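Thanks for coming, everyone. I have one structure to walk through today. Please keep it open on your screens while I talk.

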Amino acid sequence: MAGSQWELPPELCCRPMAFVALTGLDVVYNAVHRAIWDAFCANRRADRVPISFKVLPGDHEYPKCRTKRTSYEWYIPKGILKTGWMNKHLNLVPALVVLFYELDWDDPQWKEKQSECATKVEIVRTSLQGRNTKVAVVLIQKKTPLPPGEDLVASERAAALCNACDLSGKSLFVLPHTDHLVGYIIRLENAFYEHAQTYYYTEIRRVKSHKEFLNKTTHQLLFVRHQFKIAFFSELKQDTQNALKYYRTAYSLVHELRAHETNMLEIKTMAGFINYKICRLCFQHNTPLDAIAQFRKHIDLCKKKIGSAELAFEHTAWMSKQFQSFGELFDEAIKLGLTAIQTQNPGFYYQQAACYSQDRKLQAQQLCQAHRMSLPTPDPLETPTGGLDFYGQRPWRQGHQSIDPPDPEKEKAGILALQIKERDVPHSELIIALLSNAVAQFKKYKCPRMKSHLMVQMGEEYYHAKDYTKALKLLDYVMCDYRTERWWGLLTAILTTALRCAYLMANVKDYITYSMELLGRASTLREEQKSRIEKNLIKVLMNEVPDAEPECDPSSSTAAASLWNDRMALAGSNDFTIEVQDYVPFIQCKARFQSPSFHVDQPIQLQVFVRADCPHPVRFNKLAVSLSNQEYNQWCVVESSGQENMCLSPGATRCYNFSFVAKTEDVGKKIEMTGIEVMLGSETGRCVFLSWRGAGGDAASTHEALQAIRSLRHRGRGTEGRQELDWDSLTIQHSTMIISRVPKISVQLSHQPPALNNEMYCINFTVQSQEEAVARDVKLTAGLKPGQEANLSHTTYVTLNSSKVCDDSDPALLPDIPLGDLNPGEKRCVYVKCVSTGQRVFLFHVAYTIDTTVEGQQINCKCHKDETVNIETVVPFEVSVKFVSTKFEPLDRVAVDIPFLLMTDLLSSSPWPILLATSSLQLVTMTSKTAQLHSQLEQVVLQTGECASECFCLQCPPVANSSNTVATGQYLISWRSPDSPLVQTAVTLPHVILETVPLYIHAELPSFGRVRESLPVRYHIENRTALVQEVEMAVEPSDAFMFSGLKQPQGRQLDDASIAAA
C-alpha cells in the first residue's frame, strides 16, 4: 500500500451538502445560461442554503442502481463500507435533477416545445431508473410573470406541461431573466433544498427498513454500515444532531465486531472514520469537551489493536494519523471562534502524532531493512480496478472476512510488499511536518520550553534526513535558550549533534565553535571524549583533516572526509573570527581597569585574565584589547615570540597587565573596553580569533559570579588568608573615567554673613599655590552657582568693581575672568548684591594650566579648584509710614489743600551698625509745606533694634481726574554697613484717599494766656467751593472763660473767599 493510505478520504473530511444536478444549461456558448450558472455558484454567502450544484448534460449517465435485495437470509457482507459510497452520494447521485428549458407562456410554437420538454424529462428519468431522485423543470422566460391567478393562459399551459412531463405543480418553476435574477435564483434554491430534504429523508427510511431483515450472527458488518449511511444521509439533510446520534451508535457497533488479524485494519479504519465524524460534529455544535472525551475514548479502545506484529509500523502510522486529524479539527474550530488554553491546545495532538511517527520510523527500520529484494511478482498490492472495494481491506484478499487468511503464501508476499513499500516512506519529512505544526501551536500559546523541546527533535530529524543546514539552524536557535536556563546536559547533547552536522558539512567555523563549547566547563562529556575533540580541534587549526565523529553514518563520513580535503586546498579562507560572548567556550576571559577612575597625570592600568578549561594545555599567539579611543589600542597588545607565557594550562589563570597614559583632551570622558581578542592557531595553518564584546565574560559567567558572591558570604572571613585567585569572584570593570589632575592650590574665602538686602556684600578670596611649577593662565569664575531656583539668578548681581553699585546690567555669574600667572597669597574681592532675601550658594572656580611629566611623557594639565559658600540674605531695616494731622491724629483720608504730616519710622534689624547717610522724599502729586526739605536722619548711626523717625509736612493740591486715590511717591534712604560702599534703598509710600472739604476753619490762638486778662481768639473761615455759602456760627459757653463779642454772628460768604471772626 502507498504511504498516503493513511490520509483520510476527502469525501469524509468535507462538509456534506445536498447534491443537485442542473441540466439543459449551455454555460459555454449561451450568455443567459452562463449568467444563471454564475448566480448559482459565484460568491455564495454563508446564509444561502447548503447545496452542491453541478451542470450535467441532459443525457448524462448516472450510476446504475443495483437490484433491490428482498432477503438477507443467505447474504454474507464482504466489508463494512465501500470506498466509493460517500463520493457517489456527494458527487454522482443527485437528490434532485433540474431541467432548464427556455419557454415563454405565449411562445407561438408552444405545442412543439412542450413535447420537446417532456421528452427531455423522460430521458432524465430513464437515466435515473431505480433511484428516488426528484426531477424538476425550470422555464427560462424573457418576461416578468404576472401575479398568480391573473394570467389564465399561463395557468392553463402550466397544468398542461405538468401533465405532459408527469410532474407535480411543485416541481415546475419559472425563472424570468431580468435585473433581479439573483433574487429569483435564491428563491429557486430554497425550493430545490426542500426537494433534496425529501429525497434524503426517503433514503434514510429506506436504509432503516433493512434492519428487520438482519441478524447479529452474520450481519454484524451491516449494522455498522447502515448506521453510518443513516448518519451520512442525515448530514446531507443538514440534520447534524441526528447524524451525531447515528455516528455514535455506529461507533459502538464497530467495536462490538469480532476482531482478529485479518479484519483488524478494517475495524480500525472505520472506527477512525466514524470518530472523525463524531469529533467534527461536536466541535461544530460548540461542545469541545465532548470531542476531546470521544477522542480519548477512541484512543483507549484502539491503541492495543496492533494487528500483525510484522506490520506493527502500520498501527503506529494509523495512531499518528488519528492524533494529526484531531489536531487539525481542533485548530479549525479555534479559527472559527473556539478558545483554547495553554494546557489544552492542538499542539499536544500534533506532538503526539509526531511521537507515533517516530515510533513508526524505528519499527520500519527494525522490520523492513532486512528486505533488500524487489517487490514480489505479481505485485500483491495491485488490484484490477486500481483501488480497494472496501475501506481498510488488503488488496490480495478483498472481501475475505474469516479468521484465517485464504492463501498463506499470498499473505507472506503481501506483508513483504508492504514492508518494502514502507522503506520508501520519507519518515523524517512526516515527522518534521508534524513537529513544525506543534511548534507553531506552542509558540501561539506561549509554551517556550515545549517549543524548544520540539525544535530539538526537528533538528535531529533534519540530521537523520541529512539536511544538515536546517538542522544547525534549528539547533543554534534552541541552544541560546538552554544556555540561558543552564540546562548543561541538554546543551551538551545538542552540541554533540551540531558538531556531527558541522563535521559532515565540513563547515570549519561551526566545527571550531561547537568543539570549543564542548571542551568548556558547561560540557558534561567525559574527559576522554573531550580529549578526542581537543585533538580534532588542533588538527583543524593546523589545516588537517579531523577524525570522523562517532555515530556518523560511514558513507556520510567518507563524503565528509572528501569535503575536508577540499577545504585544506582552499587558500585565503583560513582566518575565522568567532564571537564567543554568547557561548560557554573552553577559554575564559575577563578584564578590568584597576580603578573606576584615573587622574590624567596617572598611568591607566588594565588587567586581562585568561583561563583554559580543556583537558590539555593550549597555546595562543596574540592577546589584544580594543578600547573606545582606538589610539590607545597599540599599548594593549601582547604577542607570542616563542615564550612559554602564551600557553594556558588546564584550570590555571594567567594575568596580563597593560598601562598607558591618557590624553589631556580625554579629561571628563569615559574610556571603555569594546572588545578582547585572543588568536589561536598560526598563519601557516588556520587563524581563529576568539572575540569577546566589552570586557569579556560569557553566557555562564554572570550566574557563576553571583554564586561566588553568595558562597563568600557563607564562608565569611575564613578565606581571607588564601592567596590563589578565585576566578568566579573576579569582577569585570569595563570602563574608567579620566578625571582632571588634583589641583595643588588652596582657595580661602572670608566674609561676614549674613548679607543685607540691596547691600554691596564683599567676599574676599585668597588663592595660594603649592605647585612646584608656575601655574599659568589662571582664570576665575565667580558668582551664583548654576542649578538653583530661576528667580535667584534674576535678583543676584556680581561685580569686581567696588566703585559702582550693581544694577540689572551686572550678571549673576562672572565667567572666566583672567587673573594671569598665580602669585602666592594673592587676594581679591568680589561684591555681591542681592535684591531679595533667602539662601544662596556662591561658586568660586579657579582654573589654571601646568606642565607635568607622566612615565617620561610631558603633558600639559588643566587643573581647577572649586569652593562654594552658602550666604543668607536678610533685611537691613524695616520702614513703617503713617499719615497724621497737624495735631498728630491718625488720618484715614487726606483733605485737599489742607496740610498734614507724613511720619516715617526706620527700625534696624541688621546685626551690626548701619550708617544712614541721608534720606529724601520723591513726591508725585503732593507738595511740601517746607520750602526746602532737609533730611532729619543725616549721618545717624543705628544699632541693632534702634529706630529712627522723620516727619514731613505735606499738602495735596486738587487733582484733575475724578479718582479719589493718589500716589504719594518714594522714600529714598542712602545707607551703608561698615566697610562697604554706599547704597540707596527706595521705599514706595502708600497711596492716600482724598476728600474735598467745602469750608476750612483755622483758629489763631496765642501761645499762652493770663488769668483775668483778655485772650484774643481769631477764627478764619474759608469757602473752598465755587458757590456763595450762608454761614451761621455759635460759640458754646465754657465755665472757665467769659465771652465778649457776638455769640451768634451771621453772614454770607462769597465763593473762594475767607472771613475772620474775633
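**Loops, salt bridges and buried acids**

I start at N286. This residue is exposed, at 57% relative accessible area. N286 sits in the loop between α9 (264–284) and α10 (288–302). Its phi is near 60 degrees, a positive value in a residue other than glycine. Before I go on: this is a predicted model. Please hear every value in that light.

A second residue belongs with N286. K466 also has a positive phi without being glycine, near 65 degrees. The loop that holds K466 runs between α15 (448–464) and α16 (468–484). K466 has 46% relative accessibility, so it counts as partly exposed.

One more piece of backbone. Which two residues are joined by a cis peptide bond? P753 and P754. Omega there is about -5 degrees. P754 is in the loop between β17 (745–750) and β18 (755–756).

Now the overall layout. The domain assignment splits the protein into six entries. Domain 1 covers 1–214, and domain 2 covers 486–571. Domain 3 comes in two segments, 587–711 and 726–739. Domain 4 is 745–873, domain 5 is 877–995, and domain 6 is 999–1053. How far apart are the C-alpha centres of domain 3 and domain 5? They lie 79 Å apart.

On to salt bridges. The count is 35. I will pick a few.

Take E189 and R48. Their side chains meet in a salt bridge at 2.6 Å, N to O. The pair links distant parts of the chain, 141 residues apart. E189 is in helix α6 (residues 181–208), while R48 is in the loop between α2 (31–41) and β2 (51–55). Buried or exposed, these two? Both E189 and R48 are buried.

Next, R280 and E332. The closest N and O atoms of this salt bridge are 3.9 Å apart. The cut-off is 4 Å, so the pair counts. R280 is in helix α9 and E332 in helix α11, so the bridge ties together parts that are 52 residues apart in sequence. R280 is buried, at 16% relative accessible area. E332 has 34% relative accessibility and counts as partly exposed.

Then K113 and D107. Their side chains form a salt bridge at 3.2 Å, N to O. K113 is partly exposed, with a relative accessible area of 23%. D107 counts as buried, at 14% relative accessibility. Why do these two get separate labels? Buried means under 20%, so 14% for D107 falls inside that class and 23% for K113 does not.

There is a network as well. Salt bridges link R521, R611, D613 and D698.

Now a buried acid, E517. This residue lies in helix α18 (residues 508–519). Its relative accessible area is 1%, so E517 is buried. What does its side chain reach? The backbone nitrogen of V584, at 3.2 Å. Leaving out residues up to four places away in sequence, E517 touches R483, L491, L495, S523, Y583, V584 and P585. So V584 appears in that contact list too.

Next, a helix. α13 spans residues 408–423, which is 16 residues. From first C-alpha to last, α13 reaches 23 Å, close to the 22 Å expected at 1.5 Å a residue. Which of its residues are buried? E411, G414, I415, L416, A417, L418, Q419, I420 and E422. And what covers them? The cover includes α11 (312–335), α12 (346–368) and α14 (427–444). Helix α11 is also where E332 sits, from the salt bridge with R280.

Last topic, cysteines. How many disulfides are there? The count comes to 0. Why does C501 not pair up? The closest cysteine sulfur, in C552, is 8.5 Å from the sulfur of C501, too far for a bond. The cut-off is 2.5 Å. C501 itself is buried, at 0% relative accessibility. And C953? Its closest cysteine sulfur is in C951, at 7.5 Å, again too far for a bond.

To recap. The salt-bridge count is 35, and the disulfide count is 0. E517 is buried and reaches the backbone nitrogen of V584. N286 and K466 carry positive phi values. P753 and P754 share the cis peptide bond. That is my list.

Definitions and conventions. Residues are numbered from 1 along each chain as its sequence is written. This is a predicted model: local features need pLDDT of at least 70, side-chain atom pairs count only at pLDDT 80 or more; totals for chains, interfaces and linings use all residues. Side-chain values use heavy atoms; hydrogens and water are left out. Buried means under 20% relative accessible area, exposed over 50%, partly exposed in between (1.4 Å probe, protein chains only). Domain bounds come from an automatic or database domain assignment. Helices (H or I, at least four residues) and strands (E, at least two) are DSSP runs, numbered from the N terminus. The expected span of a helix is 1.5 Å times one less than its number of residues. Contact means heavy atoms within 4.5 Å. A polar contact is a pair of N or O atoms within 3.5 Å; within protein, one must be able to donate a hydrogen and the other to accept it, and residues adjacent in sequence count only if both atoms are side-chain atoms.
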